[in-house]
Amino acid sequence: MSSAGQSQAAPPEARKDLSQVRQKEMIARHFDRLAAAPETGEKCAYTFVPGNLSELLASFGVLPVLPEINSLQSAMRGKSAEYISIAEKLGHSEDVCTYVKSDIGMLKSGNVGPTGQRLPSPDLLLLSYTGCFTFMKWFELLREEYHCPVAMLHVPYQADGRITDAMRKYVVDQLRSKVIPALEAITGRAYDEDRLRACLTLSAQAEDDLVWVLQSARNVPSPIDAYFGAVYYVGPIFSSFRGSQDAVDYYRELRAEIAVRLRLGQGPVTPEGEMGQERFRVVVEGPPNWTSFREFWKMFSDEGAVAVASTYAKVGGVYDLGFRHDPERPLESLAEYCLGCYTNLSLPSRIDLLTRYLREYQADGFLINSVKSCNSFSAGQLHILREVESRSGRPGGFIESDLVDPRYFSAANIKNRLESYFQMLDQKRAGAGR
Ligand code: SF4
């Protein structure tokens, strides 16, 4: 997924805070370990961001590889168009999620990851099924390539907007009977619940700090951009580092940096430097476009528009509603995490969340970036638009692009739509005498 979310590297020339430098080092170390895995014998599992079981993998010493993150990284490095074209020549239709095609193209081009090092083949395909049918088809394709074991964790959809005891038990039973035995088989190690508890303790600490950072956007002006900027903030916790001391240190440092910005009344830092005056506060639904990430962000920052909350920053965990990984209930809390992923939420729950963000973050309006690739995100977004507008009384805007296929990012059209939207917000404000 989208999850997503999930960038692990800054666009070229972006200004870097200390936390970003730390994040870059963490990522470099992780990919070094992956590249060396065939020699060191470390095992790796390919898995997805939403519903990832990082702490369980770490408790077995298994390294995660996240194909969606590799795809978005390929886009940021300008390689996804070539990879998508390779996949399409192999017969993957234009309608297939472009994360999948970018990944298949990368695989067919030598499986060189974002740091320029070759990724190891998976010892396990760990499919945590959280609301995206494409995940299943994607791993069917990878299974044909790698002939390695597959463990599937089926996570029930939260159709009624709540997690029942039966749903939690169903997931925990699968963790015990399918996922843990698969990890024991590839590593030759026995499940160690104390090690898992230790990782979950670290996760909860990092999650507290991440939530503090995201909620700092309730201030006016907001010290962060909670859509574009948040892509960097959520990177470690949504991917390979949840449950590690590295993640705890990263989020502590990030929080301290944002606390300084808040004290000084500063707005977000953008790739172009400090953002000017905050003119508009918007909530954003949907993933960003990665091929023109920087250009897309600039279309907002040039207008003085700050994203104060986004659903994309929740794609790897909706922590701001109170969920924390819990060492006292290790498998149950992993189950609740998977069940609570954003793309596993019903449309009414997503509408509630957006409406709540508009109110709590004092937003002027909301924007939906509907990406062609992702049904998990995009299905129902027009209904969401109408419903959130009518409940909140605040105007919504709708733009269309894609995740990693540059053919679907029409800069002129998107800029035009955004400018009209911000003009409309301005006129409304003038009409209201603000
Ligand atoms: S369809 Fe959406 S959630 Fe599924 S793999 Fe593609 S981007 Fe991720």
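This is a tour of a predicted model, with a selection to make at each stop.

**Stop 1: the four-stranded sheet**

Select strands E1 to E4. They form an open sheet in the order E2-E1-E3-E4, and the pairing is parallel. At the edges are strand E2 (63-65) and E4, each of which pairs on one side only. From one strand to the next, the twist averages 25 degrees.

Now narrow the selection to strand E1 (residues 44-46) and E2, which pair in the parallel sense over three bridges. Within this pair, Cys44 stands opposite Leu63 in E2.

Add helix H1, which packs on the sheet and touches E1 and E2. The direction of H1 makes about 100 degrees with that of E2. Then add H6, which also packs on the sheet and touches E1, strand E3 (124-129) and E4. Here the direction of H6 makes about 170 degrees with that of E3.

**Stop 2: two residues with positive phi**

Most residues other than glycine have a negative phi, and most peptide bonds are trans. Go to the loop between helix H6 (133-146) and strand E4 (150-154), where His147 lies. His147 is not a glycine, yet its phi is positive, near 50 degrees. Is His147 buried or exposed? His147 has a relative accessible area of 66%, so it counts as exposed.

Next select Gln362, in the loop between helix H13 (347-360) and E9. Gln362 is not a glycine either, and it has a positive phi of about 50 degrees. With a relative accessible area of 48%, Gln362 is partly exposed.

**Stop 3: a cis peptide bond**

Select Val220 and Pro221. The peptide bond that joins them is cis, with omega about 0 degrees. Pro221 is in the loop between H8 and H9.

**Stop 4: helix H10**

Select helix H10 (residues 245-263). At 1.5 Å a residue, its 19 residues should span 27 Å, and its end C-alpha atoms are 27 Å apart, which agrees.

Which residues of H10 are buried? They are Ala247, Val248, Tyr250, Tyr251, Leu254, Glu257, Ile258 and Arg261. An α-helix has 3.6 residues a turn, so residues three or four places apart point the same way. To see what covers the buried residues of H10, show helix H1 (18-40), helix H8 (193-215) and helix H9 (230-238), which are among the covering elements. Strand E5 (269-270) and strand E6 (273-274) are included in the cover too. Just after H10, Gly265 takes a positive phi of about 70 degrees.

**Stop 5: strands E9 and E10**

Select strand E9 (residues 365-371) and E10. They pair in the parallel sense over six bridges. One place to look is Phe366, whose bridge partner in E10 is Gly396. In strand E10 (residues 396-401), five of the six residues are buried, so this strand is largely enclosed by the rest of the structure.

**Stop 6: the largest nonpolar core**

In soluble globular proteins, nonpolar side chains tend to be buried together. The largest nonpolar core in this model has 137 residues. To find those with the most contacts inside it, select Leu56, Tyr233, Trp290, Phe296, Phe300 and Phe422. Helix H7 (residues 165-187) gives this core its largest share, nine residues.

End on Phe300. What is Phe300 in contact with, leaving aside its neighbours within four places in sequence? The contacts are Phe228, Val282, Val284, Ala305, Leu367, Leu418 and Phe422.

Terms used:
Residues numbered from 1 in each chain as written. Predicted model: local features only at pLDDT ≥ 70, side-chain atom pairs only at ≥ 80, totals over all residues. Heavy atoms only, no water. Buried < 20%, exposed > 50% of the residue type's maximum accessible area, 1.4 Å probe, protein only. Pairing = 2+ DSSP bridges. Expected span 1.5 Å × (residues − 1). Contact = heavy atoms within 4.5 Å. Axes fitted to C-alpha atoms, helices over the stretch in contact; angles between N-to-C directions. Core = buried A, V, L, I, M, F, W, Y, C linked by side-chain atoms within 4.5 Å.
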